[in-house]
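Got your viewer open? Let's walk through the aromatic rings and then the ligand site, one selection at a time.

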Amino acid sequence: MDLTLTPELAAFREEVRAFLAAHAEDYAGGAAREPLAWQRLLIEQGYAARTVPREYGGYGAAPDILKGRIIAEAFIAAGAPRGIANQGVSMLVPTLLEVGSEAQKRRWIGPTLRGEVVWCQGYSEPDAGSDLASLKTSAIEDGDDFVISGSKLWTSTAHLAQMMFALIRTEPQAPRHEGISYVLIPMDTPGIEVRPLKTMTGQAEFNEVFFTEVRVPKDQVVGGRGRGWFVANTTLKHERGMLGDPNATEARLNALIELMKTETVDGQRIVDHPVFRDRLMQLQARVFAMKFNGLRTLTDETAGLARLVVKLQGCELNHQLAALAIDALGELGVLYQDGPHLRAKGRWQWNYMFDLGLIIGGGTAQIQKNIIAERGLGLPREPSPAKA
Ligand SMILES: Cc1cc2nc3c(=O)[nH]c(=O)nc-3n(C[C@H](O)[C@H](O)[C@H](O)COP(=O)(O)OP(=O)(O)OC[C@H]3O[C@@H](n4cnc5c(N)ncnc54)[C@H](O)[C@@H]3O)c2cc1C
């Protein structure tokens, strides 16, 4: 693929850079001052939801790989936030675009893109994580409704969400992968109870969710009854893309370099210290390798294996970049909450703790390695304990 910029693309790059320069006051330190207003502005300009059709609330541009790259690189260079990247925007919206009904697309995509509706993902259960198809939360039929009972676990943002996309066993007689449906559930439906779980960040980022005879209309199923496994895998593909986004990792590398240039230890800039400089260069090389591997996801011929690799690489690298920041700051690196010597509002510590979880969330690193081996490299499948 030819990555040379034509005059038209060079002009487009200038346009994006000018936009970011003109709006520098709307964001600082990589975060938008008013996230929902920033998101609306990005959609209007075509820098977010760029290829989502206008009738569903997006910008409506034709797919253009090079323009997408130009936008990503300009935002990284400016240290500007890319807008909302959560389970609704980055996972549910592309799923609905691929397999949702017309009514579901019109009802949910616009409000989700604008950040007006927050979603959570109800997949994992106490006995169904890596082996997700063993999930037990189930529905019985009652007229036009499903009546759902069971529980979900590790449900990120369930305490904030208005909606959940959930995997529910609706066809108890079917083989386990064919008995699941992908259901959209309002979180204020009677019978839903959310219990927060505190993580080592000190905050409750995820939850247990209990369902006691929760009534949901059958037309809330996405992609057809019993097709939930296929739909879930569509969402998982986008989840892995979100968690292993090379642009986000490169932005974090840049923030780390900036930190190491501005902070000093014993009067010496951290970036000039040979040990930390060496560690930085090792990570920088891996981030660049990931970035170029990420470029392979842009065209269909090379996307398959590359997509599988970025989730594994991205999540591990994000964690290691945060680890280097903490180590480089020495005794200041351990500070997390308020205090006069706190650096970057404790963000590096928070990232270090939170991102350890993302090596597990969306499929653990071990499972991801199995998938790379089996689907990406064509190695023999691991033996199934059930058949052994
Ligand atoms: C921060 C975070 C956010 C999350 N958010 C959500 C969410 O929003 N919604 C949701 O539904 N879930 C969420 N999860 C749950 C996540 O998807 C599961 O934790 C994950 O799939 C692993 O399942 P498990 O915890 O049951 O571990 P298990 O499946 O019990 O695995 C335990 C260990 O065994 C290993 N293992 C298991 N099977 C194999 C195998 N075949 N080969 C090699 N190793 C194996 C695993 O790698 C792991 O190390 C989140 C998890 C985290 C940490």
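**Stop 1: the ring pairs**

The count of aromatic pairs comes to 10, going by ring centres that lie within 6.5 Å. Keep in mind that you're looking at a predicted model.

Select Phe19 and Trp38 to begin. This aromatic pair is stacked, with 6.0 Å from centre to centre and 25 degrees between the planes. Now show the helices: Phe19 belongs to helix α1 (residues 7-22) and Trp38 to helix α2 (residues 35-45), so the pair ties together parts that are 19 residues apart in sequence. Are these two rings buried or exposed? Phe19 is buried, with a relative accessible area of 9%, and Trp38 is buried too, at 3%.

Next, jump to Tyr123 and Phe165. Their ring centres are 6.2 Å apart and their planes sit at 80 degrees, so this pair is edge-to-face. Tyr123 is in the loop between β3 (119-122) and β4 (138-142), while Phe165 is in strand β6 (residues 163-169); at 42 residues apart, the pair links distant parts of the chain. Tyr123 counts as buried at 5% relative accessibility, and Phe165 counts as buried at 0%.

Go back to Phe19 and Trp38 and add Tyr27, Tyr47 and Phe75 to the selection. Ring pairs link these residues into a cluster.

**Stop 2: charges over rings**

Pick Arg54 and Tyr59. Arg54 lies over the face of Tyr59, at 5.4 Å from the ring centre. Then try Lys67 with Phe12: here the lysine lies over the face of the phenylalanine ring, at 5.1 Å from its centre.

**Stop 3: around the ligand**

Now centre on the ligand and show its surroundings. Which residues come nearest? Of the 19 residues around the ligand, they are Gln121, Ser124, Ser130, Trp154 and Thr364. By class, the shell has five nonpolar, 13 polar and one charged residues. Colour helix α11 (residues 365-376) as well, since this helix gives the most to the shell, with three residues.

Three polar contacts to click on:

- Gln87: an N or O atom in its side chain is 3.1 Å from an oxygen atom of the ligand.
- Tyr123, which you met in the edge-to-face pair: a polar backbone atom is 3.0 Å from an oxygen atom of the ligand.
- Trp154: a backbone N or O atom lies 3.0 Å from a nitrogen atom of the ligand.

Finally, switch on the ligand surface. Taken alone, the ligand exposes 980 Å², and the protein buries 68% of that.

Methods: Residues are numbered from 1 along each chain as its sequence is written. This is a predicted model: local features need pLDDT of at least 70, side-chain atom pairs count only at pLDDT 80 or more; totals for chains, interfaces and linings use all residues. Side-chain values use heavy atoms; hydrogens and water are left out. Rings of Phe, Tyr and Trp (its six-membered ring) pair if their centres lie within 6.5 Å; planes under 30 degrees apart count as stacked, over 60 as edge-to-face and the rest as tilted. Helices (H or I, at least four residues) and strands (E, at least two) are DSSP runs, numbered from the N terminus. Buried means under 20% relative accessible area, exposed over 50%, partly exposed in between (1.4 Å probe, protein chains only). A charge sits over a ring if NZ of Lys or CZ of Arg is within 6 Å of the ring centre and within 35 degrees of the ring normal. A residue is near a molecule or strand if one of its heavy atoms lies within 4 Å of it. A polar contact is a pair of N or O atoms within 3.5 Å; within protein, one must be able to donate a hydrogen and the other to accept it, and residues adjacent in sequence count only if both atoms are side-chain atoms. Accessible areas come from the Shrake-Rupley method with a 1.4 Å probe; for residues, only the protein chains shown count as cover. Ala, Val, Leu, Ile, Met, Phe, Trp, Tyr, Cys and Pro count as nonpolar, Asp, Glu, Lys and Arg as charged, and the others, Gly among them, as polar.
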